[in-house]
Amino acid sequence: MLSPFGSPETERRFLVGSAWPCHVRPQAIRQGYLPTLSGLTLRIRWTPDLGTVTVKTPALLGSRWETEWPLLPTVALAMLDLCPHPPIEKLRRVVEHDGLTWEIDEYQGRHAGLVVAEVELAHPLQQFQSPDWLGQEVTGIAELSNSRLARAPSLEPAWAAVAARGL
């Protein structure tokens, strides 16, 4: 299917267990979300080297479309000030495992204590070998999505959603 958003992406998210590769050099990220009325997600991200604005569609059958445009870091910082909620702050580590790239986000500030690993797959049914440090899957728990975390004053709603699922 052709889309102005490019091709669909399938992401799976997991809590991170013990002995994860925290020795890998992290990149600092700040990101916030601008409100939309259409069900789209509009994310502003800042890193020291690059800013981005990203539009994501709602998920359908485990995949969604995403497109991204670069911004100067100074422009991204200015746009973060337009977001109605304080930005998420996290340290991202990128790790290769069994031919896949894992992004491990260690949240800071009001979300300190949360560590989530995400992997992008070719399709929703793709099989993969889990790293030893991977914990429970939290794909689909809305309270752990970055856009919901941005609106939350603390981790309490996210941990309550995890507990409600018995994880």
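This report walks through selected residues, an aromatic cluster and the main pocket of the structure above.

The model is predicted, so local features need pLDDT of at least 70 and side-chain atom pairs count only at pLDDT 80 or more, while totals for chains, interfaces and linings use all residues. Residues are numbered from 1 along each chain as its sequence is written, and side-chain values use heavy atoms, with hydrogens and water left out.

**A glutamate and its partner**

Let us start with E118, which sits in strand 8 (residues 115-121). Strands here are DSSP runs of E with at least two residues, helices are runs of H or I with at least four, and both are numbered from the N terminus. E118 is buried, at a relative accessible area of 15%. Buried stands for under 20% relative accessible area, exposed for over 50% and partly exposed for what lies in between, using a 1.4 Å probe and protein chains only. What does the side chain of E118 make a polar contact with? The partner is the side chain of R13, at 3.2 Å. A polar contact is a pair of N or O atoms within 3.5 Å; within protein, one must be able to donate a hydrogen and the other to accept it, and residues adjacent in sequence count only if both atoms are side-chain atoms. Setting aside neighbours within four places in sequence, E118 is in contact (heavy atoms within 4.5 Å) with E11, R12, R13, T101, W102 and E103.

**Aromatic residues**

W102, one of the residues that E118 contacts, leads us to the aromatic side chains. The whole structure has four aromatic pairs. One of them joins W102 and W133 edge-to-face, with 6.0 Å from centre to centre and 80° between the planes. Because W102 lies in strand 7 (residues 100-107) and W133 in the loop between strand 8 and strand 9 (134-137), this pair ties together parts that are 31 residues apart in sequence. To count as a pair, rings of Phe, Tyr or Trp (its six-membered ring) need centres within 6.5 Å; planes under 30 degrees apart are stacked, those over 60 are edge-to-face, and the rest are tilted. W102 and W133 are both buried, and together with F14 and F128 they form one aromatic cluster.

**Around strand 6**

Two residues of strand 6 also touch this region. V95 lies in strand 6 and is buried at 12% relative accessibility. Not counting residues up to four places away in sequence, V95 touches P21, V24, L100, T101, W102, I104 and W133. H97 belongs to strand 6 (residues 88-97) as well, but counts as partly exposed at 25% relative accessibility. With neighbours within four places left aside, H97 contacts W102, Q129, S130 and P131.

**A buried leucine, and the cysteines**

L144 is found in the loop between strand 9 and helix 2. Is L144 buried or exposed? At 0% relative accessibility, L144 is buried. Beyond the residues up to four places away in sequence, L144 touches R13, L15, L114, V138, L149, A158 and V162. R13 thus appears among the contacts of L144 and also among those of E118.

As for cysteines, C22 is partly exposed at 45% relative accessibility, whereas C83 is buried at 10%. The structure holds zero disulfides (pairs of cysteine sulfur atoms within 2.5 Å).

**Positive phi in two loops**

Two residues other than glycine with a positive phi are set out here.

| Residue | Phi | Loop | Relative accessibility |
|---|---|---|---|
| A19 | about 60° | between strand 1 and strand 2 | 72%, exposed |
| L61 | near 55° | between strand 4 (51-56) and strand 5 | 75%, exposed |

**The largest pocket**

The largest pocket has a volume of about 1000 Å³. Its lining has 42 residues, and E11, K56, R64, S145 and N146 lie nearest the centre. A pocket is an open set of points on a 1 Å grid over the protein atoms alone, where a 1.4 Å probe fits, with protein on both sides within 12 Å along at least five of seven lines; lining residues have an atom within 4 Å of a point. Grid points are joined across faces, edges and corners, and the volume is the space filled by probe spheres set on the points. Which element gives the largest share of the lining? Helix 2 does, with five residues. Elements that each supply at least two lining residues include strand 1 (8-16), strand 2 (27-34), strand 3 (41-46), strand 5 (64-71) and helix 2 (146-151).
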